[in-house]
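The following paragraphs walk through how the helices of a model pack against one another and what lies between them. Please keep the structure open while reading.

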Amino acid sequence: MDFLLWVLVAFGITEIITLSKIFKPVREWTDTKIPFIGDMLGCSMCTSFWVGGFLSLVYFSPTHNIFFDACLATACVWLLHCYTFYTALRYGV
């Protein structure tokens with residue numbers, strides 16, 4: 001159960017950072033001032049890597065290795081991200 005919650009939290013944080021209107025000014029500011037960070041904040045895979053590492057430090061570590069947790073978060077978040085966009089495109093949501 002902890003793993004499922006960990007994946008959903010990683011997905012939620014990543015989607016908020018990369019796609020939400022709340023973080024849009026931050027993404028735009030970093031695009032102009034620090035392009036590398038701006039590109040990273042717009043990338044679901046890049047952001048989920050760092051979110052997974054952060055969550056493994058402060059909440060729960062599924063593999064007990066920060067690097068593997070970050071990679072696991074990237075894989076899970078990317079699968080959920082692709083599924084949600086495929087579903088939205090298919091059903092016109």
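In this predicted model, the contact of helix 4 with helix 5 is a convenient place to begin: from helix 4 come Ser 44, Met 45, Ser 48, Phe 49, Gly 52, Gly 53, Ser 56 and Leu 57, and these meet Ile 66, Phe 67, Asp 69, Ala 70, Cys 71, Ala 73, Thr 74, Val 77, Trp 78 and His 81 in helix 5. By residue type, this contact divides into ten nonpolar, seven polar and one charged. The axes of helix 4 and helix 5 are 7 Å apart and make an angle of about 130 degrees, which means that helix 4 is oblique to helix 5; their crossing is right-handed.

Helix 5 also packs against helix 1, here at an angle of about 70 degrees and with the axes 9 Å apart, so that helix 1 and helix 5 are roughly perpendicular to each other. This crossing, too, is right-handed. Among the residues that helix 1 brings to the contact are Phe 3, Trp 6, Val 7 and Phe 11, while helix 5 contributes residues including Leu 72, Ala 73, Cys 76 and Val 77. The residues of the contact of helix 1 with helix 5 divide into twelve nonpolar, three polar and two charged.

The largest nonpolar core has eleven residues, including Trp 6, Ile 17, Leu 41, Val 51, Leu 55 and Val 77. Helix 1 (2-19), helix 4 (44-58) and helix 5 (66-91) each give two or more residues to this core, and the largest share, five residues, comes from helix 1. Leaving aside residues up to four places away in sequence, Trp 6 touches Gly 52, Leu 55, Ser 56, Tyr 59, Phe 60, Pro 62, Asp 69, Leu 72 and Ala 73.

Methods. Residues numbered from 1 in each chain as written. Predicted model: local features only at pLDDT ≥ 70, side-chain atom pairs only at ≥ 80, totals over all residues. Heavy atoms only, no water. Core = buried A, V, L, I, M, F, W, Y, C linked by side-chain atoms within 4.5 Å. Buried < 20%, exposed > 50% of the residue type's maximum accessible area, 1.4 Å probe, protein only. Helix = DSSP H or I, 4+ residues; strand = E, 2+ residues; numbered from the N terminus. Contact = heavy atoms within 4.5 Å. Axes fitted to C-alpha atoms, helices over the stretch in contact; angles between N-to-C directions. Parallel < 35°, antiparallel > 145°, perpendicular 65-115°, else oblique. Left-handed = near helix turned anticlockwise from the far one by under 90°. Nonpolar A, V, L, I, M, F, W, Y, C, P; charged D, E, K, R; others polar.
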